[in-house]
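Biologist: I would like a close look at one part of this model, the surroundings of the ligand, taken slowly and in one connected account.

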Amino acid sequence: MAYDYAPFPYVAPPGLTSPEPRHPVAIVGAGPIGLAMAIDLAQHGIKSVVLDDNNVVSVGSRAICWAKRTLEIFDRLGVGTRMRDKGVTWKVGRLFHGADEVYSFDLLPEDGHKYPAFVNLQQYYVEQYLVERAQALSDHIDLRFLNKVTDHSDHGDHVRLSVETPDGPYQLEAEYYIAAEGAGSPTRKRMELPFKGQTFEEHFLIIDVELPNSPFETEDPERWFWFAPPFHAGQSALLHKQPDNIYRIDLQLGPDTDPKSEATEEKVIPRIKAIIGDMPFRLDWMSVYKFRCAKLDRFVHNRVLFVGDSAHVVSPFGARGGNGGIQDVDNLGWKLAAVLNGAPTTLLDSYDAERRHGSDENILNSARATNFMTPKSKIEALFRNETLRLAAKHPFARKLINSGRLSQPCALADMPLQTGDHPLVGRALIDMPLPDGWLVEAVQGRFCLLTLDAQNWQVPDTIDTYALPATPERAARYGDTGAVLLRPDGHICACFTTPDAAAIQAAYARATGATP
Amino acid sequence: MIINDRLGPQGDDVYAALIAAHDGLDTDQSHALNARLVLILLNEIADPNRIAALLAEARALSSSD
Ligand SMILES: Cc1cc2nc3c(=O)[nH]c(=O)nc-3n(C[C@H](O)[C@H](O)[C@H](O)COP(=O)(O)OP(=O)(O)OC[C@H]3O[C@@H](n4cnc5c(N)ncnc54)[C@H](O)[C@@H]3O)c2cc1C
């Protein structure tokens, strides 16, 4: 069944008739990242106004793969369980070269985590769930559809925005301005900020089809990826399941195709039949994309902060666009809330440093996957094809095959807010079962000291403590003694062996930007 | 970097074996074999620093540089 794109209501904003009081935060763009940003801030007690030029969720084929860490962040934001329950969890991936299966893998996720390695869920559902969650927080989130931001100016301690609505233009002011307007970011263009990176010449046809039966050999959802499939000579292809019996097909088209003529039913229907055979199907959506990897030199420009695709874009192989953006939100939410409550702005500089690091990692991985799939020279193609041939027999070569390295939580070791060099420092928390739920449900969203032993751990009022129950999962993931300090975004910023109150206080001061 | 001689007196045998491995192959097939061989050898060497040094050494003789 096709998704019902119900428009969200437009309400004439107060600023049309009289000046609005200055908002703490204005978020431009209600895509997944802008919406998640507003929810995160609301949960930290910060009010925001969210302005979007449109009034429906994301139309057509965009993000489908949501990684475990993203789901854990979404859990904190109140939509994780819903996404998991609606989403498709797949385990088996098969990789083909020509007509032959090179190998298959079973993700067999480790037990003892609330969320699987990832789920597939269409971006429109994710946005719908986020909008509904934001609407439930309406005392903190002022969500305005059909409000297009046309200009902004930074006045040092606030930003002034010009907005256009169906009823005409108005202006508003905010202490901070968050640009979450996607890859084409008008804010970035207005500020003439360089957006440097690599554009891939290759075109990709992305199709969503509804099928009555599974095209895989079993009813279980799988991920099939082909290099040089018999039905699509010389190129690569991907088949992946989404909810509602919708299947995603990615077809590499080569650099010299005409995107307009490719995205026509006349051309696309034979391509679909070549893959799925004679089964009846409903074409849900099709589009032709060219991909690029690029990012801003800085994500923080005084009062203007960039998040999500407006700060960085990647090719979709490895699913790091939306997943990377959600980590931006997780990183920025508590810091901006703290700054608005009087913390030093160096915390925002740490957002810039930590997420540029995350973005570098995502760009590196996405660019490598894209290069593997689209060799630029004869020699690159030769190594690629021989890797595929070796892989049928040799496990080492399987590991070189790159059809996307799925998004992993970014590690923040050696960055300014962290203390010490314990191997856990900088990592995102590792989930584990608790007697009444999951660790990701119990401790995210605030500074929290996870204690592992019965020593007398003393912490300042600003830090929670949580005694982790002694279980085999705890022993394997955290050990048996000491304590681990979590930031509100679940990253570990320090580890302690003894309850040294001064050391804990110092690590906390460092993690909150109070001391360098 | 100095690449130590590790083949010693077996050098001639090893070289002959390399050439013999290509017997009966056309140029494309030989290039493909070489590519597989490089990949297999990379896995045997395994150490990324060592591999980087060896790649640089081979690259140093490319005429375009
Ligand atoms: C084919 C494809 C497959 C993908 N697959 C995945 C995947 O599997 N997993 C994954 O994590 N990511 C994936 N991505 C990437 C993902 O879709 C993006 O990273 C994500 O949408 C970025 O979210 P965003 O909120 O930053 O921007 P957007 O989703 O682009 O949202 C920006 C919003 O800002 C609004 N806006 C723009 N200008 C203005 C203005 N002037 N005033 C007000 N509002 C404005 C827009 O209307 C829009 O609602 C994929 C992308 C593509 C194209």
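Which side chain has an N or O atom 2.5 Å from an oxygen atom of the ligand?

Modeller: The model is a predicted one, and in it the side chain in question belongs to Asp53(A), where an N or O atom lies 2.5 Å from an oxygen of the ligand. Two further polar approaches can be set beside this: a polar side-chain atom of Gln123(A) is 2.8 Å from a ligand oxygen, while Cys65(A) contributes through its backbone, with an N or O atom 2.9 Å from an oxygen atom of the ligand. Taken together with its other surroundings, the ligand has 89% of the 1,000 Å² of accessible area that belongs to it on its own covered by the protein.

The elements of chain A that give two or more residues to the shell are helix 1 (32-43), strand 8 (148-154) and helix 8 (321-340), and of the shell's residues the largest share, 3 residues, is supplied by helix 8 of chain A. In total, 30 residues surround the ligand, and the closest of them are Asp52(A), Asp53(A), Gln123(A), Asp309(A) and Asn323(A). Asp53(A) and Gln123(A), which are listed among these closest residues, are thus also residues whose side chains make the short approaches to ligand oxygens given above. As for the character of the shell, sorting its residues by class gives 13 that are nonpolar, 11 that are polar and 6 that are charged.

Note on methods. Residues are numbered from 1 along each chain as its sequence is written. Chains are lettered from A and ligands numbered from 1 in the order in which they are written. This is a predicted model: local features need pLDDT of at least 70, side-chain atom pairs count only at pLDDT 80 or more; totals for chains, interfaces and linings use all residues. Side-chain values use heavy atoms; hydrogens and water are left out. A residue is near a molecule or strand if one of its heavy atoms lies within 4 Å of it. A polar contact is a pair of N or O atoms within 3.5 Å; within protein, one must be able to donate a hydrogen and the other to accept it, and residues adjacent in sequence count only if both atoms are side-chain atoms. Accessible areas come from the Shrake-Rupley method with a 1.4 Å probe; for residues, only the protein chains shown count as cover. Helices (H or I, at least four residues) and strands (E, at least two) are DSSP runs, numbered from the N terminus. Ala, Val, Leu, Ile, Met, Phe, Trp, Tyr, Cys and Pro count as nonpolar, Asp, Glu, Lys and Arg as charged, and the others, Gly among them, as polar.
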